[in-house]
Amino acid sequence: MARTRRPLIAGNWKMNGLKADGLALAKDVAAGVKQAGWFDREVLVCPPATLVMAVAEAAKGSGLLVGGEDCHAKASGAHTGDVSAEMLRDAGASHVIVGHSERRTDHGETDATVRAKAEAAWRAGLLPIVCIGETLAEREADRTLTVLETQLKGSVPAGATAAKLVVAYEPVWAIGTGKTPTTPEVAAAHAHIRKVLGGLMGDAAAVRLLYGGSVKGGNAAELLAAGDVDGALIGGASLKADEFLAIAKAA
Ligand code: PGA
């Protein structure tokens, strides 16, 4: 079954990148992806909204995919400062991250908000990457699997299929900290996620599950080899073309 799930290596630039350095990074990553000519994996970068259009332009013809970091649930309207899934699509995006823990924390996004955003992605023809993950307190209280289950049931819209959904498991305590779960812990979380998805959709066995949280060139091969891991969502290390490409190579 693993073979039917093409690994996805996704970079999340977060609030980083002005035009000059963002475009230089995009061009370097696009050149590396083009040169590698991978058919057995997908490589995606999600730049800040201001750069989606330019990065999509720079990625054209390289095979590098481009996504947004977040979207509003509505297609348009009086929502100052927000960006809709349709706008991302119009700018050249094919994917969008929804429910990242920084959105959940900084902007009070609930599972219901995340679910509405995933539905917006579908409406616009984008593939949503739905993020879930436990806090350190939840892990220490042995609540990890329960938390993941609640987040999945609340965040994954009805009607999900493997072609329309990617899930990223990102333990909040591992994001940007240099700490990662052990590979058995990652495998246990992913196995549970797939099991819960099995109750929500028909083809859960084919859904790609990404691991995210302090993935680097040096630990990517090990984390990506954990059971039920079909790729990675990478923050800090996606801001360096060489390191990001090394992670993609490890997939
Ligand atoms: P990190 O971020 O790789 O910097 O830990 C991951 C993420 O937030 O997606």
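**Note on the strand ladder and the ligand site**

1. The bridge partner of V98 in strand β5 is V130. This is a predicted model, in which local features need pLDDT of at least 70 and side-chain atom pairs count only at pLDDT 80 or more, while totals for chains, interfaces and linings use all residues. Residues are numbered from 1 along each chain as its sequence is written, and side-chain values use heavy atoms, with hydrogens and water left out. Helices (H or I, at least four residues) and strands (E, at least two) are DSSP runs, numbered from the N terminus.

2. Strand β4 covers residues 95-98, and β5 covers residues 127-132. The two strands run parallel and are joined by 4 bridges. On its other recorded pairing, β4 is joined to strand β3 (residues 65-68) by 2 bridges, again in the parallel sense. Two strands count as paired if DSSP finds at least two bridges between them. G68 has V96 of β4 as its bridge partner. Between β3 and β4 the chain passes through helix α3 (residues 85-90), and this β-α-β crossover is right-handed. Right-handed here means that, with the strands pointing away from the viewer, the path from the first strand over the helix to the second runs clockwise.

3. Is β4 covered on one face or on both? Both faces are covered: H95 and I97 are buried on one side, and V96 and V98 are buried on the other. Buried means under 20% relative accessible area, exposed over 50%, and partly exposed in between (1.4 Å probe, protein chains only).

4. The loop between α3 and β4 contains G92. G92 counts as partly exposed because its relative accessibility is 39%. Along the chain G92 and E57 are 35 residues apart, and their C-alpha atoms are separated by 7.6 Å.

5. The parallel ladder continues from β5 to β6, again through 4 bridges. Here I132 has Y169 of β6 as its bridge partner. Strand β6 (residues 166-169) is covered on both faces, with V166 and A168 buried on one side and V167 and Y169 buried on the other.

6. β6 also pairs with strand β7 (residues 208-212), in the parallel sense and over 4 bridges. V167 has L209 of β7 as its bridge partner. The connection from β6 to β7 goes through helix α8 (residues 183-198) and forms a right-handed β-α-β crossover. Helix α8 includes V186, which counts as buried because its relative accessibility is 0%. The C-alpha atoms of V186 and P171 are 9.4 Å apart, with the two positions 15 residues apart along the chain counted as their separation.

7. Which residues come nearest to the ligand? Of the 13 residues around the ligand, these are K14, H100, E170, G176 and S214; a residue is near a molecule if one of its heavy atoms lies within 4 Å of it. By class, this shell has 4 nonpolar, 7 polar and 2 charged residues. The classes take Ala, Val, Leu, Ile, Met, Phe, Trp, Tyr, Cys and Pro as nonpolar, Asp, Glu, Lys and Arg as charged, and the others, Gly among them, as polar.

8. Oxygen atoms of the ligand lie 2.7 Å from a polar side-chain atom of K14, 2.6 Å from an N or O atom in the side chain of E170 and 2.7 Å from a polar backbone atom of S214. Taken alone the ligand exposes 280 Å², of which the protein buries 96%. Accessible areas come from the Shrake-Rupley method with a 1.4 Å probe; for residues, only the protein chains shown count as cover.

9. H100 sits in the loop between β4 and α4 (101-106). With 4% relative accessibility, H100 counts as buried. Its side chain makes a polar contact of 3.2 Å with the side chain of E170. A polar contact is a pair of N or O atoms within 3.5 Å; within protein, one must be able to donate a hydrogen and the other to accept it, and residues adjacent in sequence count only if both atoms are side-chain atoms.

10. Two backbone angles deserve a look. Most residues other than glycine have a negative phi. S214, in the loop between β7 and α9, has a positive phi near 60°, and it is buried at 8% relative accessible area. D228, in the loop between α9 and β8, has a positive phi near 65° and is partly exposed at 24%.

11. The loop between α9 (220-224) and β8 (231-234) also holds D230. D230 counts as buried because its relative accessibility is 5%. The side chains of D230 and R5 are joined by a polar contact of 2.8 Å.
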